[in-house]
Amino acid sequence: RLLSALRRRCDIAGKRLSGPGLAAEGRVLRAVLYAYHSRLHRHRPYLALQQVEQCLKRLWKMNLVGCLETLVELIPKKNASKAQAECLVPSQPMLETVALKVLGGCKLILRLLDCCCKAFLLSIKHLCSKEFILLNTVASGLLSRLWFVIQYRCVLQTLMSLYDALSTMLHLVSETQQTPYIKGFTFPSNIGDFLGVNISSEAKKQKAVMLTTKKSTSWMKKLFPAMPVAVSKVGKKRKSETCTSAMKNHSIPCSVDIGERVV
């Protein structure tokens, strides 16, 4: 029963970590940082974006998904366990390695969420000051999506439940035959105490801060005021060919970030 529960939680955690959302947002973040590196390498929102990208990079470098897949391969399937009274279980060194990586992954995800929240607030602050509008608009949307993907898919909560199953299995295996691999570190029995924060309250607090900042500033209305009725009616009557020729004659370089509204 414990082995099947451990296998199920490993599968869920692996799918949520390797989902398309995190990978897609990571690629967009790297592209934005690469495009603005030469011009904004000392800009505060840009530096905050770099911290977010560093957390994502460390999360992929630790190869937690591959480690979980290896552990799943070592767990016998249901039909194999029913066929015989005894079955092989993962060794203590393997369980300790995975448990340590899960603990590190939880810490990294907590740091990632905190960096996303701080970078989002900085982007909104500089956006309201009409500084680097293009970068900060993209960054605010990117950071809110990344934060939402992690919270909506419950990545952190899934890893915490996985650690509980790992801790129970590790305790039983070490009682049977002690072969410790990681020395000088005591695995916590409660991962919540190890992380030092209440996950649900912390997520609600970050969400409230981000939503309040968006609502109170109304930055889209400040930066892009409503177009006059006469101008909008004239714009609707224009043909597509006229608009295309106008864009060609009065083109704006993509590398220039616009600070004021262009008529």
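**Exercise 1.** Determine which residues leucine 74 touches, not counting residues up to four places away in sequence.

*Solution.* Leucine 74 touches Pro90 and Met94 under this restriction, where contact means heavy atoms within 4.5 Å. The model is predicted, so that local features need pLDDT of at least 70, side-chain atom pairs count only at pLDDT 80 or more, and totals for chains, interfaces and linings use all residues. Residues are numbered from 1 along each chain as its sequence is written, and side-chain values use heavy atoms, with hydrogens and water left out. Next, locate the residue: leucine 74 is found in helix H4 (residues 64-74), helices being DSSP runs of H or I with at least four residues, numbered from the N terminus. Finally, leucine 74 counts as partly exposed because its relative accessibility is 43%; buried means under 20% relative accessible area, exposed over 50%, and partly exposed in between (1.4 Å probe, protein chains only).

**Exercise 2.** Describe the backbone and the exposure of asparagine 63.

*Solution.* Asparagine 63 is placed in the loop between H3 and H4. Its phi is near 55°, a positive value in a residue other than glycine. With a relative accessible area of 45%, asparagine 63 is partly exposed.

**Exercise 3.** Establish how helices H3 and H6 are oriented to each other.

*Solution.* The axes of H3 (residues 44-61) and H6 (residues 92-128) come within 9 Å and cross at roughly 160°; axes are lines fitted to C-alpha atoms over the stretch in contact, with angles from 0 to 180 degrees between N-to-C directions. The helices are therefore roughly antiparallel, a term for angles over 145 degrees.

Note on methods. Helix = DSSP H or I, 4+ residues; strand = E, 2+ residues; numbered from the N terminus. Parallel < 35°, antiparallel > 145°, perpendicular 65-115°, else oblique.
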